[in-house]
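Dear colleague,

I am handing over the structure that we spoke about, and below it you will find my notes on what was found. Please keep the coordinates open while you read, as the notes go through the helices by name.

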Amino acid sequence: MMRLRELARCPFAVGYAVVALILAVAMALCFKAAPYGFTVPDTGSYTEAFRSICHGQVHLWRMPVYPMIIGTCFRIFGPDFGGTVTALLQWGMFVVTLICLRRLLLMLTGSARLTFWIFAFYALAPGNFECNQVLFSEATATCLTMLAAYRAVCSLRRPSVSNVLLTLLWLGLLLSLKPAAASFLAAAVVWLVLLLWLHRGRVRRQAIVILAALCVFIAGLALYSVLMYRYNGVRTLSIAGTANNYFTLREAGLVTPENCSDHALRQVIADSIGTEIPREHSQIWDEYWCLYRASGPAVLEKFTNEVMMANKGVIVRHIINRFNSECARYMIISTKAAFVPWSFSFLPKPSVNMAVWILGACLAVFGFHLRRYPLWASEGLCICLPAFVYIATAAIFAMDDYTRLVHPVQPLFWIGIAMLAKAMRVAPLCETPAQQ
């Protein structure tokens, strides 16, 4: 109740009320259009994954967190209302994301004006929420990413075991949501180093907790990989990675009979795969499923791994060329969405390529100021490094829909820009004694 009173007295209180009203209307219109939640083709694979988990097995395509959310909703509320409850949960997670975004912006910039306008832009951009779907795991990933980022920054300012444990809890759930989140482990190591450097020897317990948790995370991912091999015959967290690798190999011209050691698969490639690289992703998908049905996931995974290991140089050159040419076409800010009441096709849409360069510049600025303004720069690194690693990973390994894949770190991207904007307007940079 006290927080609501504080919010009512804060600057731009009317603006926040208008944003909340627009979101409420959008939510009502979404539920009017689809009272039981929009269903999409992938919904079936998530419910199938839930059944696999209930039988003590792991699913070929899906990590466990989001299938558990969908499956539990449908198990408790039935097929008629399970989609409605899932959509409501996703709207709730979007609200939590917005709360964390506002708190972080205020904490890191100290500017009520900057906080409000970035908050409003992110909240109302149509592509940033598609919360009325039965499938939109990015809403969950974005919420968990923001919760982890908020607690990580809190731990830099006020080191405590509780802040560290909460950061690790959200990170652990994120790792159990999708394989791409494994890149956050690198960011967690940097967070540990920054914590130790900022507070010297005063965070021994927190450092031990973080190190122990990182070991548990790595062991958990290894165990999950073992279970995948036991039940499905593949040595990976998800065969979505195998599909990504196949797309990379196909576009690099490396899916040929000569590169295949399995005789049966070699014959299928010779009969079904042409020498010309398809222009449409749907055609590559058709080829992938043809090989999948003919050889099975284990053989196809072995083939992609062998070819990638034998052609590292070719693949690296292809990835760099594709990144520079294709990523300019994929937007980090989607202003069109199929599941929201409005769409703005005319707004500026920075590309994934540009976003990586901007985040790289942010990292350079924070690294340059690390010695002179340690807290400010450390917080910036904790915000921008996960976004940089995640977007770069998605851009390198994604097959087509970059906008959807970079959803989880879009708020971090805007917070990093806000920190730089605040620093450029307020010179010199300063840290209060309380912050130090």
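Residues Thr242, Asn245, Tyr246 and Leu249 of α10 are in contact with Leu300, Glu301, Thr304, Asn305, Val307 and Met308 of α13, and the residues of this contact divide into 5 nonpolar, 4 polar and 1 charged. Please bear in mind throughout that this is a predicted model.

The two helices concerned are α10, which covers residues 240-251, and α13, which covers residues 297-310, and they pack at an angle of about 50° with their axes 10 Å apart. An angle between 35 and 145 degrees that also falls outside the range 65 to 115 counts as oblique, and α10 and α13 are therefore oblique to each other. The crossing of α10 past α13 is left-handed.

One residue of this contact deserves its own description. Thr242 lies in helix α10 and has a relative accessible area of 5%, so that it counts as buried. When neighbours within four places in sequence are left aside, Thr242 is in contact with Leu300, Glu301 and Thr304, and also with Tyr288.

A second pair is formed by helix α2 (residues 13-33) and helix α5 (residues 112-124), whose axes come within 11 Å and cross at roughly 5°; α2 and α5 are therefore roughly parallel to each other. On the α2 side the contact involves Gly15, Tyr16, Val19, Ile22 and Leu23, which meet Thr115, Phe116, Phe119, Ala120, Ala123 and Leu124 in α5. The residues of this contact divide into 9 nonpolar, 2 polar and no charged.

Helix α5 itself has 13 residues and reaches 18 Å from its first C-alpha to its last, which is close to the 18 Å expected at 1.5 Å a residue. Its buried residues are Thr115, Phe116, Ile118, Phe119, Ala120, Tyr122 and Ala123.

The third pair is helix α7 (residues 161-175) with helix α8 (residues 184-199), where the axes come within 11 Å and cross at roughly 170°. Angles over 145 degrees count as roughly antiparallel, and α7 and α8 are therefore roughly antiparallel to each other. In this contact Val164, Thr167, Leu168, Leu171, Leu174 and Leu175 of α7 meet Phe184, Leu185, Ala188, Trp191 and Leu195 of α8, and the residues divide into 10 nonpolar, 1 polar and no charged.

Away from these pairs, I would point you to Met146, which is placed in helix α6 (residues 137-157) and which, at 0% relative accessibility, counts as buried. Leaving aside neighbours within four places in sequence, Met146 is in contact with Thr97, Cys100, Leu101 and Leu104, as well as with Pro411, Leu412 and Ile415. Of these partners, Leu104 is 42 residues from Met146 in sequence, while the two C-alpha atoms are 9.0 Å apart in space.

Finally, helix α15 (residues 352-368) has 17 residues and spans 24 Å from its first C-alpha to its last, close to the 24 Å expected at 1.5 Å a residue. The residues buried in α15 are Val352, Asn353, Ala355, Val356, Leu359, Cys362, Leu363 and Phe366.

With best regards

Key:
Residues are numbered from 1 along each chain as its sequence is written. This is a predicted model: local features need pLDDT of at least 70, side-chain atom pairs count only at pLDDT 80 or more; totals for chains, interfaces and linings use all residues. Side-chain values use heavy atoms; hydrogens and water are left out. Axes are lines fitted to C-alpha atoms, for helices over the stretch in contact, and angles run from 0 to 180 degrees between N-to-C directions. Helices (H or I, at least four residues) and strands (E, at least two) are DSSP runs, numbered from the N terminus. A crossing is left-handed if the near helix is turned anticlockwise from the far one by less than a right angle, and right-handed if clockwise. Contact means heavy atoms within 4.5 Å. Ala, Val, Leu, Ile, Met, Phe, Trp, Tyr, Cys and Pro count as nonpolar, Asp, Glu, Lys and Arg as charged, and the others, Gly among them, as polar. The expected span of a helix is 1.5 Å times one less than its number of residues. Buried means under 20% relative accessible area, exposed over 50%, partly exposed in between (1.4 Å probe, protein chains only).
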